[in-house]
Amino acid sequence: MDDLWGQACAALETSVGPNNFNHWIKPLRLTGLDSGIAHFASPTRFISDWVNRHFAKDIMGVLSRHGQPVERLRFDVVPQTAPGRPRPAAAAPARPVRPVASAAAPASARMARTDLGASLDPRYTFGNFVVGKPNELAHAAARRVAEGGPVGFNPLFLYGGVGLGKTHLMHAIAHEYQRRHPLAQVLYLSAEQFMYRFVQALRESTIMDFKGMFRNVNMLMVDDVQFIAGKDSTQEEFFHTFNALVDQGKQIVISADRAPAEIKGLEERIKSRLSCGLIVDLHPTTYELRLGILQSKTEGFRAQQPDLQIGAGVLEFLAHRITTNVRVLEGALQRLFAHASLLRREITLEVAQECLADILRTNDRKISIDDIQRRVAEHYNIRLADLIGPKRARNVARPRQIAMYLSKQLTSRSLPEIGRRFGGRDHTTIMHGIRKIEELVVEDHALAEDVAMLKRLLEA
């Protein structure tokens, strides 16, 4: 049974995706096959019901392809804490995201870290995080939190777009904190996992155990907190958990794709609590930072493949052409490494263009209002949230008008559309801003040079 289920799990992880597999299917154990019925041991009724509703066809299909026709699934709840029962798992359990629990810690607390956390990625450490101007403040703040001493801010709130390094820094904090404090209790999970576990506790009437588990940690780390927006009951529990930990002096680290004030559907009291700590924006990558990341990754690969040959200008070409996010950039480089290793070829500029044609086409996109806003905010060293927000200070208002002007010049968007992208402003406000810049570029030579340079950078 174990061999059969192990083979099935390998196929299921591919078909349903790693996230769904780890949350729902991995905790199951195949215990028997009888007259077209597959019997499973499941840790909770909630997991059993969810799997039966959402993944039964996938499981039956995989088992059938392995020579075991199945028409129905049956689940027996075998709690993981039940004495004398084996821990139900499809394979060897992944290393939990926490250090070994202190012997003095309550059993329920130790169980919480095992059952509720998500696995840390060993690649995401401070040692391989490339620091540049867009992320230097976030890196410094993360380092301070990871040391475990007096910090001076709680929570640490990291936000930014996809692939800018938020999750990398979260994992790096956990790794370093655990290394320095091996008996401390660290819990890292996504907001989605927090919600799943909370709903599970409600259904199984184990809410007090849930509260105890989350409130007995030294550090709580929640990734992508925007996913609890609009979930009233989950927000209520998150709010009380947050307060309980802060009152005890426990550190909290949060990440999201935008600043607290900009997360729609998030309760005002939660926004207020999150804003009490240090909020750090990870800015879009610069050419220099992208090149540094590529050089760092190349050095690491050369340590494994000393005969790797990369032609002049290839890394610079990639850093210039692939600007969406770091994950796409690293994926492109990894594809080139595989190409060079398998075919024993030097990575020349021509090889890179041929091998990465699909990625390069995707990145040859038209200029968007988001591109313009990010570039202007970076150029004038102001927060993107301020550029879009209601602030009227001159150091923000003038760059905002320049961004409006460029949006009209470089995109095909209408004035009302541009207004919506600038915090819901009326089209007459956009028109006023555009006219103001049109007048100033004639009178103000320095401003005209700024606008011209920004156009060149955006059109490059």
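A residue counts as partly exposed when its relative accessible area falls between the buried range, under 20%, and the exposed range, over 50%. The views below come from a predicted model.

**Figure 1. The whole chain contains 22 helices and 8 strands.**
Of its 460 residues, 48% count as buried. The chain exposes about 22,600 Å², and 50% of that area is supplied by carbon and sulfur atoms. Among contacts with a separation of 6 or more, 72% are between residues 24 or more positions apart.

**Figure 2. Asp224 has a positive phi in a loop after a strand.**
The phi of Asp224 is about 55°, although Asp224 is not a glycine. The loop that holds Asp224 runs between strand E6 (219-223) and helix H10 (232-247). Is Asp224 buried or exposed, or something in between? Its relative accessible area is 25%, so Asp224 is partly exposed. The value lies between the cut-offs of 20% and 50%.

**Figure 3. Arg344 has a positive phi in a loop between two helices.**
Arg344 is not a glycine, yet its phi is positive, at about 55°. Arg344 sits in the loop between helix H14 (326-343) and helix H15 (349-355). Is Arg344 buried or exposed? Arg344 is exposed, because its relative accessible area is 65%, and the cut-off for exposed is over 50%.

**Figure 4. A cis peptide bond joins Asn154 and Pro155.**
The omega angle of this bond is about 10°. Pro155 belongs to the loop between helix H6 (136-147) and strand E4 (156-159).

**Figure 5. Helix H13 packs against helix H14.**
Helix H13 covers residues 314-321. The axes of H13 and H14 are 10 Å apart and make an angle of about 150°. H13 passes H14 in a right-handed crossing. Which residues make the contact? On H13 they are Val314, Leu315 and Leu318, and on H14 they are Leu329, Leu333 and Leu336. By class, the contact has 6 nonpolar residues, with no polar and no charged ones. Helix H14 also borders the loop shown in Figure 3, where Arg344 lies between H14 and H15.

Terms used:
Residues are numbered from 1 along each chain as its sequence is written. This is a predicted model: local features need pLDDT of at least 70, side-chain atom pairs count only at pLDDT 80 or more; totals for chains, interfaces and linings use all residues. Side-chain values use heavy atoms; hydrogens and water are left out. Helices (H or I, at least four residues) and strands (E, at least two) are DSSP runs, numbered from the N terminus. Buried means under 20% relative accessible area, exposed over 50%, partly exposed in between (1.4 Å probe, protein chains only). Contact means heavy atoms within 4.5 Å. Accessible areas come from the Shrake-Rupley method with a 1.4 Å probe; for residues, only the protein chains shown count as cover. Axes are lines fitted to C-alpha atoms, for helices over the stretch in contact, and angles run from 0 to 180 degrees between N-to-C directions. A crossing is left-handed if the near helix is turned anticlockwise from the far one by less than a right angle, and right-handed if clockwise. Ala, Val, Leu, Ile, Met, Phe, Trp, Tyr, Cys and Pro count as nonpolar, Asp, Glu, Lys and Arg as charged, and the others, Gly among them, as polar.
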